[in-house]
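Got your viewer open? Let's take a walk through this chain, one selection at a time.

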Amino acid sequence: MATTNQQRSIFFLILFFAIFSFSTSLAVAHDPSQVFSKYVSPSSLGLKREKLSHLHFYFHDIVSGKNATAMRVAEAPSTNTSATFFGAIVMMDDPLTIKPEINSTIVGRAQGMYAFASQSDISLLMVLNFAFTHGKFNGSTLSILGRNRVSTVREMPIVGGSGVFRFARGYALAKTYSNGQVETIVEYNVYVFHY
């Protein structure tokens, strides 16, 4: 059986380790290099007043021929018998132009992929970046992640961006301008908040 002195020694030993552990955790919590997150002033990143921009361009999805810009990279065993092409995945690097004609000024590229994601209608999962190469948005990107249900006008979210479009949020309206065997041209109106 433990004596009173042994019990006191054990108690003080436990108390010492408890205080030591608590003070060590406080020291780590106050060490700036050990902080997981902290508040940052927007002005410290050079952010000024938020703007709303409207971008208008045409997307050219060319699926065959020597100048194809979209290519099927995967499919399910039943994709070719599906009325909705369910399971097909297409990678793209499509030009974005100012006018519907492919030889008009190219303002960027739509780079990413789309997947046929519905068994009941033609609905695509769009995962892409609009990478701009012209004008004041040259070198900046906008990112889209959303559902593109092929209908008259469809809306997809802008989930972020880079360059001029850091902290971007907004939406894109897509409307098919023309649809052929080789090329589909889609008119885009993009509304985006950015700094």
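Start with the whole chain in cartoon view: you'll find one helix and nine strands. Keep in mind that this is a predicted model. Follow the chain from the N terminus and the elements go α-β-β-β-β-β-β-β-β-β.

Now switch on the surface. The accessible area is about 12600 Å², and 60% of that belongs to carbon and sulfur atoms. Of the 195 residues, 32% count as buried. As for contacts between residues with a separation of 6 or more, 47% of them link residues 24 or more positions apart.

**Stop one: the largest pocket**

Select Asp-61, Val-63, Tyr-114, Phe-116 and Thr-184. Of the 25 residues that line the largest pocket, these lie nearest its centre. The space in there is about 590 Å³.

Which strands should you colour around it? Strand 1 (51-62), strand 2 (70-74), strand 4 (106-116), strand 5 (123-132), strand 8 (169-179) and strand 9 (183-194) each bring at least two residues to the lining. Strand 9 gives the most, with four residues. Colour the lining by class and you get 15 nonpolar, six polar and four charged residues.

**Stop two: the second largest pocket**

Next, select Leu-55, His-56, Phe-57, Ile-98, Val-107, Phe-132, His-134, Gly-135, Lys-136 and Phe-137, which line the second largest pocket. Its volume is about 160 Å³. Here strand 1 has the largest share of the lining, with three residues. By class, this lining holds six nonpolar, three polar and one charged residues.

**Stop three: the core**

Hide the surface and look inside. In soluble globular proteins, nonpolar side chains tend to be buried together. In this model, the largest nonpolar core has 30 residues, and you can pick out those with the most contacts inside it by selecting Phe-57, Met-126, Phe-130, Phe-132, Leu-142, Tyr-188 and Val-190. Two of these may ring a bell: Phe-57 and Phe-132 also line the second largest pocket.

Two or more residues of this core come from each of strand 1, strand 3 (89-97), strand 4, strand 5, strand 6 (141-149), strand 7 (153-162), strand 8 and strand 9. Strand 5 gives the most, with five residues.

**Last stop: Met-126**

Zoom in on Met-126. What is Met-126 in contact with, leaving aside its neighbours within four places in sequence? Show Met-92, Met-113, Tyr-114, Ile-144, Leu-145, Gly-146, Asn-148, Met-156 and Tyr-188, and you have the set. Tyr-114 takes you back to stop one, where it is among the residues nearest the centre of the largest pocket.

Key. Residues are numbered from 1 along each chain as its sequence is written. This is a predicted model: local features need pLDDT of at least 70, side-chain atom pairs count only at pLDDT 80 or more; totals for chains, interfaces and linings use all residues. Side-chain values use heavy atoms; hydrogens and water are left out. Buried means under 20% relative accessible area, exposed over 50%, partly exposed in between (1.4 Å probe, protein chains only). Contact means heavy atoms within 4.5 Å. Accessible areas come from the Shrake-Rupley method with a 1.4 Å probe; for residues, only the protein chains shown count as cover. On a 1 Å grid over the protein atoms alone, a cavity is a set of points where a 1.4 Å probe fits but cannot get out, and a pocket is an open set with protein on both sides within 12 Å along at least five of seven lines; lining residues have an atom within 4 Å of a point. Grid points are joined across faces, edges and corners, and a volume is the space filled by probe spheres set on the points. Ala, Val, Leu, Ile, Met, Phe, Trp, Tyr, Cys and Pro count as nonpolar, Asp, Glu, Lys and Arg as charged, and the others, Gly among them, as polar. A nonpolar core is a set of buried Ala, Val, Leu, Ile, Met, Phe, Trp, Tyr and Cys residues joined through side-chain atoms within 4.5 Å.
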